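Subject: A structure for you to look at

Hi there,

Here is the structure I promised to pass on. Have a look at it first, and then read my notes below.

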Amino acid sequence: MDIASSRNNQQREIRLCLAEDAWHGRFRAMGSPCELVCEAAKRADALELTELIAQEAWRIEDKLSRYLDGNIVARINSADGKPVGVDDETADLLDFAETLYELSERRFDVTSGVLRRVWQFDGGDQVPDPQSVRNILQYVGWHQVDWRRPVLQMPRGMEIDLGGIGKEYAVDRCASLIRTRDGSPSLVNFGGDLAATETPRRRRSWKVAVEGDAPEEPERMIDLKQGALATSGDARRFLMKNGVRYGHILDPVTGWPVPDAPRSITIAAQSCVQAGMISTLAMLKGAAAETFLDSQDVVSWCRR
Amino acid sequence: MNRMIGLAVVVVLLSAGCSSMGVEPWERDVLAKDEMQLTTDALEAATDDHIYFSKEASSGGRGFGGGGCGCN
Amino acid sequence: MTNSLFIKIIVIAWALAVSPIAASDSAPSTNLDLSEHQGKVIVVDFWASWCVPCRRSFPWLNAMSEKYADEGLLVIGVNVDQDAGSAAEFLQNYPAKFLIEYDRGGNLAREFGVQAMPSSFVIGRDGQIRAHHLGFKVKRQDEYEAAILEALQQEIVK
Amino acid sequence: MSRKEKQSISAALAAATCSLLGAGIPAVVDAQEESAWDFNTSLLYYGEDEDRVQDFSVSAIARRMFVDDRFLTLGLTVDGLTGATPSGAIRQDVAQTFTRPSGNAAYTVPVGDLPLDDTFKDTRVAVTGGWQQPVGDTSLINVGASASREYDYTHLGVNARFATDFNRRNTTLSAGIALSIDSLDPVGGAPMPLTAMLDVGDTGNRMGDQDKDVLDLVLGVTQVVSRDLVVQANYSYSKSDGYLTDPYKILSVVDGTTGDTLTRSPTPGVEGPSHQFLFESRPGERTKHSIYGQAKYYMNGKVLDASYRYMTDDWEIDSHTVDLRYRIPFGTDRYIEPHLRFYTQTEAEFYQLSVPDSQPLPSFASSDYRLGDFDAITAGVKYGWKTRNDNEMSIRAEWYGQSGTVPANQIIGNQANRDNYPDLNAIIVQFGYRF
């Protein structure tokens, strides 16, 4: 769910092809392959919608990427303890992040990105020593942030990363852009997080394949008529040491991976943001993920 | 051509002579009044420009020359 | 304009306002006595009834004044109108929930080196100018607010 | 944690998501701002004496203010023109018959009368649009477009202007450019220059559509001199290219000794001109330079607005214009504003009252009174007041008079006994309402 920027603007190109009765507009944004599946009759309409959402995805990427200089995230992260005023859209995202921090009992934390300095989930065995985790933990914790809309101030050394919300947010923004344009039924899919603008007309439902974690595992086919899907968990991102598998979901309270987290959770919800947040919250529950999901009124698929 | 240079010199002199003139920012109460704007009524100015453009051989000066014919 | 010049200006303003000699002077610089508010962060906002962006700035100044009052923010709107009537009329239309002072002769405005209307100066708890801005743009409110918050958090440098 | 509490997480999440996505990218709106649109409207009557041109015009400018001093301006003017206008032919001691510009009919001017072309009837619709916004703290940019349409004339234009303040905003330098592309489609087709007016139905000398391009450049400086005085100086350059001739204007061909217009006979059975007339001809280029100075001076509530313009061009027309307005307030929200304007111009080098048959035909010739040597005076008064709901109304009434002279060396024989220059008297009444 990181927003990795494609700094090279030449990568910002759009491809469009017709397959299975629908237009597929493809581009890359936020480190993921992005796709618009669209039932438009004309190629020009499909292209226009793809361009519309690609521009929006790239706009959000440029705004929230922690790899780009000069954007609002960079201004906050380089403020060196000074207050920074933010625009309305960023303020909305920060308000949302604050709500999630409270709902998750401090487990969902946009300041936890600095833990990446000691945790590198590359499939290797580089588990950090407990002292370095403790050292970095002083820079983690939304409660240390003074957020008074529209001004944010946090102690020197802390960083925020809105990448955990950004992709789902972009999916929902793009879907609603298409709806306000009265575009043909479309499915917005950014790297597996997706939303349907409405029920498709040429078939009963949108067929969504959720990849298996391992090559031998079958894809899971989901019929989506309306709403959105989001998946948390990535089987490729883990560390293995002394037979212990460390998943990439980090608990910002302990600084260590959440024990016994499912390998992946897919959630269906009204919006992609909701789906993504519930799946992330469930992941953070670790062994209690399924119990948590059962208590929530959501459609979920959980893989262990 | 000489006449053109003459005009340019006049404009430059006017602007050069001005650098020390003026008022303090808090002394603009009178200048801020509607009736002290260089064009107080854009519509009246446009009407006049159009009438005189149609009836005389000169036009513009204040702003652009104005287009359209509406001649005779 | 450099910060040090501002410091000097503030010192002058203070001296004129605070010292008994200045107070009995026939031409005091201003009625504004900043020393009363020592230790607070003060936003000094120069405004005039005839200034259009000033109308936009008042709701924001009101909001700041309320939001940060507990943390020691004091907003002072310095009116530079020549006649009290127009200022009063303006205040009826755009009510101020902060302190209004009057600077008829523009002495204080001159000492602050005011370049345009409105002009806002954020004075730190130590009496130094921490930030200032010319004009008022709604789209830059967040920057202005960040500057105030920054000043509020600065410790007095001894 | 009870099941109920846990369920509230997804409910709380739904609410938070709603406020995140529902907002979209909100426009920053400031409720304290004054009303976003304002309108400036006017009704105008312009009428010339002796049944010459009458014009009724309705105009409106709507301005929308956006956050932080950005403005959209839209304008609309609808004009209805009727009446007659001097054709350029001279008076005669006999009646004169002319072919109408359309070439489809003829009309006759009585003995001794100034020949007027009475077919003049037109509706003009003009629209403008503009955008203005600050650039940085001290500069301003304006861009705009304009278009107008009348039955024989179409105008399209674009313009841009940049202004920047110096010296604590006491000095403003500005530069502007405007381009316009106009096209003419005269009734009956544009006549070939300096060809004869032909019989009704004979279109042998008519051409198709014509174009005209105009480039305008303006450089200006505005200076605040004191608390009560602001002055402006502009230099303007204007270059016109293309068809600058008036397709409806003609010249009388006269006897080199008597000065009387030569007669001709229409083809038998066909209506046609009784005398010899040529369609006028102007150069295809014109370059104008002007300087303009304006001062506004505030005197205890009264405002003097004085301006002067000098224009010179390569048609050898020089003009001077002085415009004076003096606004006198009375009561709390009323004012009266006398207005005086003086104008004088020299004639174009190719201006000539008539074409003597004894001399070779020049390349360019026009007897259009507007290219002659004349003086004009405008005198009027405007009265303005504020309505109860703080809107502004105004009415102005003005008299405009032109009085010209034909150079003595152009007057031939009997022409000396006639009134050669078509003097003009007009009144202007305009009602304005701003809200």
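To follow the notes, you need one term straight away: two residues are in contact if their C-beta atoms, placed from the backbone, lie within 7 Å. By that rule, 19 residues of chain A are in contact with 16 residues of chain D. Helices (H or I, at least four residues) and strands (E, at least two) are DSSP runs, numbered from the N terminus. On the side of chain A that touches chain D, the elements giving two or more residues are α3 (88-103), α5 (163-180), α6 (272-284) and α7 (289-295) of chain A. The most comes from α3(A), with seven residues. Sorted by type, this side of chain A has eight nonpolar, six polar and five charged residues. Here Ala, Val, Leu, Ile, Met, Phe, Trp, Tyr, Cys and Pro count as nonpolar, Asp, Glu, Lys and Arg as charged, and the others, Gly among them, as polar.

Please keep in mind that this is a predicted model: local features need pLDDT of at least 70, side-chain atom pairs count only at pLDDT 80 or more, and totals for chains, interfaces and linings use all residues. Residues are numbered from 1 along each chain as its sequence is written, while chains are lettered from A and ligands numbered from 1 in the order in which they are written.

How confident is the predictor? For the complex, it gives an ipTM of 0.70 and a pTM of 0.71. The pLDDT is its confidence in each residue, from 0 to 100. Chain D averages 90, and 95% of its residues score at least 70. Over residues 23-34 of chain D, however, pLDDT stays under 50.

Chain B also meets chain D: 42 residues of chain B are in contact with 71 residues of chain D. Both α1 (2-16) and α2 (42-55) of chain B supply at least two residues of that side of chain B, and α1(B) gives the most, with eight.

Finally, the cores. A nonpolar core is a set of buried Ala, Val, Leu, Ile, Met, Phe, Trp, Tyr and Cys residues joined through C-beta atoms within 7 Å; buried means that 20 or more other C-beta atoms lie within 10 Å of a residue's own. The largest such core has 121 residues, and A:Val188 is one of those with the most contacts inside it. The element giving the most to this core is α6(A), with nine residues. A second, separate core of 16 residues includes D:Leu251 and D:Phe279.

Enjoy exploring!

Best wishes

Methods. pLDDT = per-residue confidence, 0-100. Buried ≥ 20, exposed ≤ 12 C-beta atoms within 10 Å, placed from the backbone.
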